[in-house]
Amino acid sequence: MATIANTFEIDNTVDIPGRRAPLVTGNQTLGSITNLVCGIAERPQPLIWYICFAIAISFAGMFFSLIAYLLYKGVGIWGNMSPVFWAWPIVNFVFWVGIAHAGTLISAILYLFRQNWRTSINRAAEAMTIFAVVCAGIFPGIHVGRAWLAFWLTPYPSLNLWMWPQFRSPLLWDVFAVGTYASVSLMFWYMGMIPDLATYRDRSKSKFRRLIYGILCLGWSGSSRHWMRYEKAYLILAALATPLVLSVHTVVSFDFAVSQVPGWHTTIFPPYFVAGAIFSGFAMVVTLLVPVRKIYGIQNLITMRHLENMNKIILVTGSLVGLAYATEFFMAWYSYNQFESFAFINRAFGPYWWAYWTMVTCNVISPQLFWFKKLRTSPVLMVIICIFVNVGMWFERFVITVTSLSRDFLPSSWGYFRPTMIDGLMFSGSLGLFLTLFLLFCRFLPIIAMSEVKGVLSIQNHADAHHHGHGSSAH
Amino acid sequence: MSEHAPQTKPNRPPRSCGVIAEYSEEHHLLEAATKVREAGYTKTDAFTPYPVHGIDRALGIKPTILPFIVVCGGLLGLTTALTMEYWMNVVDYPYIISGKPFASWPAFIPVAFELTVLFSAITTFLGSIALNRLPKFSNPVFTSPKFDRATDDRFFLFVDSQDKYYNKKSVEELLHATHPQSIEEVKEDSTPSNIPRPVLICILLVMVAGLIPASLVFKMRNGMDPLPRWHVFFDMDFQPKKKPQQISTIFADGRAMRPQVAGTVARGQLEQADPYYLGYDPSQLSMIETQGVRLVSSAQEPAKAVENRVASPRDGQPPVPAETKSVAEQPPKVEPPKAEPETVAPADPAPTPVVTAAPQAPTPVDAKLQPPAVPAVSAAGATQAPTPGVPNLPFVKKIPMEVDEAAMNLGKQKFEIYCAACHGVGGDGDGLVARRADELAQGYWLAPTSMHSDAVRKQAVGQVFYTITKGKGKMASYGAVLTPKERWAIVLYVRALQRSRNANLDDVPEDQRGSLAKGE
Amino acid sequence: MIEIKNDESLRLPESWRTKPIALIVAGIVAIGLSFVLFRFVSSDNTMKLVSHSYLANFIFCLTFGIGAMFFVLVQFLVRSGWSATVRRQAELISTTIPWMAMLFIPILIMLALGSKELYEWNDTKENLHGLTAEKTGYLNWWFFSARSIAYLGIWSFITTWMHKHSRRQDETGDVGLTIKMQAYSGPMVVFFALSVSFAAFDWIMSLDSDWYSTIFGVYLFAASMVAFFALMILLFLALQKSGKLRDQVNMEHFHDMGKIMFGFNMFWAYSAFSQFLLYWYADIPEETNWFRERYDNGWFFLAYALIIIHFIIPFLGFMSRHVRRNRLGLGFWSAWFLVAHWMDMTFLVMPNTHLPISGLMIVAHLVGLVGMSSIFFAFLIMRASDVPLVAVRDPRLHEALSYSNPIL
């Protein structure tokens with residue numbers, strides 16, 4: 001196994017038309033894939049895992065302490081102040097929901113488009129989706145003021161209120177969209193994991209592990225009848241998740257866009273938000289997977305080709321986001337709507353110019369570096385660029401939320417938003433929570449969809465046989 | 001393999017469930033499956049670490065009905081969402097938000113879409129698990145330790161002993177010809193299937209524990225407790241502030257409420273004494289109240305009321321600049337030379353208008369503001385009778401400001417901005433809001449008053465002013481929104497509106513009578 | 001390397017090849033006839049109706065090329081294998097653009113002559129009022145013409161360049177050509193996105209020069225994709241009926257094209273709904289006015305019909321994979337989508353005449369469509385008549401010929 005795992009020098013980013021480059025390198029067999037992936041959870045974790053986990057969980061702990069402090073003290077501990085009532089909490093919410101989108105895109109949309117390269121990265125990306133949605137859900141929950149009454153958002157027959165939620169409110173659409181998204185992503189993720197959990201079960205040495213993984217995999221046996229229904233169900237879930245993932249960030253964009261606030265009310269918002277979400281999500285996947293594949297030595301499963309493809313998607317979506325910025329600016333000028341043009345000029349040259357230009361630099365300019373193959377196949381550089389992208393995408397939400405609100409229709413209430421230290425600590429705390437969950441996932445669950453990679457390996461071997469054998473009548 | 005049952009001795013030898021063959025190559029499995037099927041076996045199954053494409057054809061597995069179930073689930077979600085939204089926002093809790101109709105279908109679409117997807121996804125997930133008869137922790141094939149590799153790198157083909165052509169020997173012979181790694185007989189899982197006692201006890205304990213919060217809630221919902229409720233969350237119940245009549249340690253006198261500092265006038269205090277701001281004369285009020293006379297009876301006992309009012313002293317009259325001005329411009333012979341403001345004065349002998357023709361008024365309309373039919377006698381009493389909610393006050397009977405075209409225009413403008421929405425542009429009580437409310441027919445809407453009803457026509461100008469200032473019934477108070485000047489201007493305009501319904505040819509200026517006759 | 005024999009089965013049927021001249025003549029006659037009919041609709045507004053109808057039908061036919069161009073670019077961009085046998089058809093459709101561009105000349109001439117019938121902004125600043133007067137710096141005939149020529153020029157370049165290289169590969173079989181096209185498709189998509197977006201703003205959105213919507217380009221793009229796939233499926237069905245391409249294009253390709261068409265139709269509905277919901281909700285008069293125009297004068301029939309015919313019915317009817325894998329179902333729904341797309345283009349353009357919808361108007365508009373599409377088909381046939389209908393030496397042909405959709 002060791003010899004197999006170490007031969008990851010093949011450059012599979014070169015693609016000769018007519019012959020597909022291998023997606024799994026290093027002469028893998030079914031068994032070696034199992035060993036590679038299961039080994040991650042079976043072997044003791046490397047030191048770096050413990051270091052990261054210690055840092056992450058201390059940040060997560062800080063996050064929860066700050067939430068407790070917030071519940072005790074009230075939202076006044078944040079910098080939210082008239083006129084910027086939607087400040088960091090909403091920025092963080094949109095940021096995290098956006099991060100989540102890449103997971104579903106990889107697992108659902110690429111599945112529908114028969115992109116086999118998704119199989120090595122979809123599990124980790126889906127896990128990231130769930131964890132990002134968890135972080136995203138917390139922020140609006142604690143932003144409602146009396147967070148312990150946040151359940152009022154759900155339509156339940158209340159004995160005290162005799163009221164129902166207002167379905168004409170985009171904020172309620174958000175509740176349903178994010179709720180549905182979290183549920184469907186969780187089902188999709190779990191569904192995909194069932195066969196791999198069965199592998200974990202069957203390799204378990206201890207009775208306890210066998211019991212836990214046995215229950216988690218529902219007694220999966222790998223029966224062909226089960227596989228058939230399972231694949232159908234997976235396909236249907238993918239077909240459902242595809243419009244769903246579009247709808248979620250669309251609804252998030254509606255929160256802004258159905259209002260009349262200049263800079264928010266523009267029709268490109270729905271597709272532009274979705275593109276931005278995928279953009280930031282892929283950047284996060286790359287940021288996480290580059291170290292993960294190195295630490296766990298799975299470069300043969302998550303190959304350079306996977307990373308390069310993701311970088312290409314980052315380039316495409318980054319350019320789409322840039323196009324949307326340009327369209328917005330053009331339309332603000334073309335419409336001769338003075339509020340709209342003021343909002344955009346104020347963004348670029350007003351008091352928040354620094355945020356705007358950070359956003360443009362990170363979101364539009366930095367992904368353009370991926371036009372160069374050298375840059376998009378260098379692990380270190382791609383991580384740096386992806387971190388820039390994530391910073392830029394956070395700033396994008398900041399620019400949208402804060403600049404528009406700080407210059408609303410009533411000049412007497414104009415103001416300059418200043419975050420408090422707690423704003424910053426809470427955001428870094430949410431990063432800590434996200435990382436904690438992700439590290440636990442690496443520790444206990446299959447981070448690569450083994451059964452799917454094995455399927456791809458089978459197709460790959462099949463194609464190789466076909467190619468070498470030329471006239472052979474196989475298949 | 002079994003997850004949680006301790007090994008115990010079975011009562012009888014385990015039954016044979018079938019034969020299973022192990023393969024290391026996908027295509028061997030496919031070939032074997034085809035062979036087995038061709039031999040007529042139908043109760044067969046393959047176990048593979050990943051979905052082997054073509055195996056369903058080789059084994060003759062029928063397609064699943066899952067998509068159909070999912071469509072049903074999706075439709076259920078769609079119906080649920082739309083019904084829920086309609087019922088909650090249109091039927092059970094209709095509430096006007098941002099001018100949108102109750103049934104705002106475009107706004108209902110996002111949630112309808114989400115629930116359609118959610119229901120479909122749940123149906124897919126649960127449906128596929130249920131169709132696969134999972135979870136199933138005990139499976140005969142799990143009994144073989146070799147089978148652990150079915151989820152790793154081996155492929156298994158299983159022929160069930162329930163198959164009608166099943167014969168162990170012949171099946172094994174058939175499988176031997178298909179390059180298997182091994183062939184085994186599958187035995188029944190002989191571990192006992194009953195749940196172990198510790199697990200049962202745990203489940204029971206958890207269930208009992210789960211009842212505790214529920215029963216607590218039940219007790220609290222249905223019982224009484226003399227103690228105040230627990231404040232888990234303070235909800236601003238305890239605020240660092242003083243309420244009236246509380247003790248303060250800051251001030252020497254220990255009072256949290258502070259008295260007015262000597263020699264100061266609080267905001268609004270000056271206006272408390274000025275009929276221009278009030279619509280009635282407060283000095284009259286205090287006099288009346290001290291004498292203990294109820295004005296409500298004034299209609300029945302005019303003489304007594306007259307006595308009281310005529311005798312009212314004029315001292316303590318606050319300065320009324322606007323009014324003084326208007327007095328100065330009034331033709332002295334028309335008005336009785338009384339001090340202003342003019343309170344309701346039953347002493348007036350006949351139903352004559354308080355303000356009659358003002359020759360120097362800019363337009364003829366202005367000159368005839370007060371409808372002649374208003375009986376000055378019972379302005380207070382008669383109007384109070386049908387609306388017992390309004391206090392009887394010595395209302396001003398004459399507009400205490402200059403009456404000219406500018407005032408009339410101001411009144412028209414403000415009336416149309418603030419009043420017409422409910423009362424209608426013509427003052428008939430048929431504004432857009434009223435009409436919309438009629439359409440909604442919610443039952444609890446009180447129609448706005450028509451300015452042309454007798455009750456309103458009989459009111460003194462001061463009472464109309466008072467109503468605008470304080471609001472009445474469902475009507476909000478406009479004291480904070482409109483300046484006194486604007487309110488008086490509205491009163492003026494209302495008077496003009498009322499007059500317009502009761503005008504005759506004489507009211508029309510002479511030079512325009514001709515055009516009226518022509519029917520223009 | 002798999003190659004397909006470049007024989008007669010890959011050529012247009014002989015009977016098609018003789019048609020172009022007749023089609024062009026018929027097209028010109030039909031367009032002329034539609035002008036006459038519009039005179040009967042409203043003699044005062046003939047020019048207005050004629051120009052609007054002409055523009056709507058022109059864009060209807062142009063969108064096939066736009067969709068095809070994007071399809072070709074994306075196939076190279078993602079190194080797609082399944083589409084190797086169907087891509088040539090898209091190339092041919094896309095290369096109608098340079099010739100279709102000629103049909104835009106009458107509109108440019110109209111503008112140069114100062115006509116205000118089509119674009120109300122075509123006037124001097126003094127004579128215009130409101131916001132439109134402020135926009136004369138951008139919306140004036142010469143800048144508009146320059147931009148239009150630029151868009152058509154960009155598209156003509158992209159389509160002919162792609163087609164030229166693909167044709168060269170037919171001769172040489174050079175794999176390097178595929179690599180070259182892959183490399184160039186990236187920047188070309190950038191130009192495509194910008195130009196399509198702005199073409200939609202200029203040609204259609206500026207009809208109502210006060211109105212604006214940033215998603216408008218996306219909307220037209222989604223509509224183009226649906227129309228293009230519908231046309232391509234119908235063309236393949238027709239060609240196979242006359243005995244061509246039977247081995248190269250199979251049910252798997254049809255299934256895929258059907259899926260993508262279905263997906264893009266959902267995307268069309270998504271962008272249409274996004275645009276409507278935002279403007280409906282915010283309720284700002286200058287924004288809702290555009291929908292008001294499409295509601296008044298009886299146009300609401302078309303508006304509601306569009307929701308039902310363009311989205312709801314095909315969504316339900318075309319959802320099942322069994323329909324997508326059935327020639328009859330595919331043909332029916334593709335034709336349906338073409339009708340819906342024509343309604344959509346009519347909906348975008350025609351209500352801007354501010355004239356009431358009437359039966360005769362629709363008939364005249366339909367005659368104009370017959371004319372315009374006859375010319376379009378003539379162009380298409382001329383483009384396709386001496387070209388193999390499959391890229392015969394594409395290095396990924398074997399993938400296209402052997403792949404299958406999962407049965408499940």
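How many of the 18 residues of α17(B) are buried? Keep that in mind as we walk through this predicted model.

**Stop one: the whole of chain B.** Select chain B and switch on the cartoon view. You will find 18 helices and four strands. Of the 520 residues in the chain, 31% are buried. Contacts that reach along the sequence are worth a thought here: taking those between residues at least 6 apart, 75% join residues at least 24 apart.

**Stop two: helix α17.** Now select residues 484–501 of chain B, which make up helix α17. Here is the reply to the opening question: 14 of the 18 residues in α17(B) are buried, so the helix is mostly covered. From first C-alpha to last, α17 of chain B reaches 26 Å, close to the 26 Å expected at 1.5 Å a residue.

**Stop three: the sheet.** Next, color the strands of chain B. Four of them form an open sheet in the order β2-β3-β1-β4, with antiparallel pairing. Select 44–47 (β2) and 182–187 (β4) in chain B: these stand at the edges with a single partner strand each, so one side of each has no neighbour in the sheet. From one strand to the next, the twist averages 25°.

**Stop four: a strand pair and its helix.** Select residues 16–23 (β1) and 155–160 (β3) of chain B, which pair in the antiparallel sense over six bridges. Look for B:Gly18, which stands opposite B:Asp160 in β3(B). Then add residues 26–38 of chain B, helix α1, which packs on the sheet and touches β1, β2 and β3 of chain B. The direction of α1 makes about 15° with that of β3(B).

Note on methods. Residues numbered from 1 in each chain as written. Chains lettered and ligands numbered in written order. Predicted model: local features only at pLDDT ≥ 70, side-chain atom pairs only at ≥ 80, totals over all residues. Helix = DSSP H or I, 4+ residues; strand = E, 2+ residues; numbered from the N terminus. Expected span 1.5 Å × (residues − 1). Buried ≥ 20, exposed ≤ 12 C-beta atoms within 10 Å, placed from the backbone. Contact = placed C-beta atoms within 7 Å. Pairing = 2+ DSSP bridges. Axes fitted to C-alpha atoms, helices over the stretch in contact; angles between N-to-C directions.
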